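Q: I have a sequence and a structure open side by side, and I would like to learn how to read them. Could you take me through some features, one at a time?

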Amino acid sequence: MGTLTLTGNGQTGFTNSLQIGAAIAPAADVVEMALSTGALDCDNTAYVAVATTAALTLPSGDGSKAVNLCLRDRAGNRSLLVSSSITLDQTPPAAAAHTLAINGGSAFATSASSTLTINFAADAVERAIGNDGLDCSSATYTALPATSPQTVGAFALSSGDGVK
């Protein structure tokens, strides 16, 4: 009678936000639905007019979260329970698991153009690099490769002598 897709932070499968979106694709004759982040009994629940999107709040705590959907057609026939899940992950990667080396760990650089080697934990999927006090909340992130380490060549260190 229909399908259910969950998205959080613009992606399917994972989110770090309790606020997610649900995309509902009901069959043409479906007129009502019931949607819940908890248990749902399609025979004993309150139905509302069907919609193709809905906003939901997940229960707190990292882990897989199920969202359940029941649909009802014009004749009053109820669907079987339709479920979809999304993983809530609000725990940042542990900083101790990541390292950054400039020019292979050299104590000094003689050029502003340097090579960075980034070692990262298995759960890290993106990185941001910058000079002089990177603001992680507004930085531009790029995808990490599937395995560590990542080498970034020709990275421009900030100008002038001193600690970088």
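A: Gladly! Let us begin with a term: helices (H or I, at least four residues) and strands (E, at least two) are DSSP runs, numbered from the N terminus. One such strand is β7 (residues 53-57), and T57 has its place there. Two notes on reading: residues are numbered from 1 along each chain as its sequence is written. This is a predicted model, in which local features need pLDDT of at least 70, side-chain atom pairs count only at pLDDT 80 or more, and totals for chains, interfaces and linings use all residues, while side-chain values use heavy atoms, with hydrogens and water left out.

Q: What is the mean pLDDT of the protein chain?

A: pLDDT is the predictor's confidence in each residue, from 0 to 100. Where pLDDT is low, the predicted coordinates should not be read in detail. Here the chain has a mean of 88, and 100% of its residues reach 70 or more. Among the elements, strand β2 (residues 11-12) has the lowest mean, 74, and β6 has the highest, 97.

Q: Is T57 buried, partly exposed or exposed?

A: Buried means under 20% relative accessible area, exposed over 50%, and partly exposed in between (1.4 Å probe, protein chains only). T57 has a relative accessible area of 45%, so T57 is partly exposed. For contrast, look at T15 in strand β3 (residues 14-15). T15 has 3% relative accessibility and counts as buried.

Q: Which residues do T57 and T15 touch, leaving aside those within four places in sequence?

A: Contact means heavy atoms within 4.5 Å. With residues up to four places away not counted, T57 touches L18, Q19 and T37. T15, on the same basis, is in contact with G8, N9, I20, L58, I86, T87, L88 and D89. Some pairs are also polar contacts: N or O atoms within 3.5 Å, where within protein one must be able to donate a hydrogen and the other to accept it, and residues adjacent in sequence count only if both atoms are side-chain atoms. The side chains of T57 and Q19 make one of 3.0 Å. The T15 side chain reaches the backbone nitrogen of S17, also at 3.0 Å.

Q: How do strands come together, and what is the order of the open sheet of 4 strands?

A: Strands of a sheet pair through backbone hydrogen bonds, either parallel or antiparallel. Two strands count as paired if DSSP finds at least two bridges between them. The open sheet of 4 strands runs β2-β1-β4-β7, with antiparallel pairing. Its edge strands are β2 and β7, since each pairs on one side only. Strand β1 (residues 2-8) is joined to β2 by 2 bridges, and G8 stands opposite Q11 in β2.

Q: Where do the side chains of strand β11 point?

A: In a regular strand the side chains alternate between the two faces of the sheet. In β11 (residues 113-119), S114, L116 and I118 point to one face and are buried, whereas S113, T115, T117 and N119 point to the other and are not. This strand has antiparallel partners: strand β10 (residues 99-102) through 4 bridges, and strand β14 (residues 150-156) through 5 bridges. L116 stands opposite I102 and also opposite V152 in β14.

Q: How many disulfides are there?

A: A disulfide is a covalent bond between the sulfur atoms of two cysteines. The rule used here asks for a pair of cysteine sulfur atoms within 2.5 Å, and the count comes to 1. C42 and C70 form this disulfide, with their sulfur atoms 2.0 Å apart. C42 lies in the loop between β5 (30-36) and β6 (48-49) and C70 in strand β8 (residues 63-73), so the pair ties together parts that are 28 residues apart in sequence. C42 is buried at 8% relative accessibility, and C70 is buried at 0%.

Q: How many salt bridges does a search of the whole structure find?

A: Side chains of opposite charge can pair when their charged atoms come close. A salt bridge is a side-chain nitrogen of Lys or Arg within 4 Å of a carboxyl oxygen of Asp or Glu, and the search finds 2. One joins E32 and R72 at 2.7 Å, N to O. E32 is in strand β5 and R72 in strand β8, 40 residues apart. R78 and D43 form a salt bridge at 3.0 Å, N to O. R78 lies in the loop between β8 and β9 (82-88) and D43 in the loop between β5 and β6, so the pair ties together parts that are 35 residues apart in sequence.
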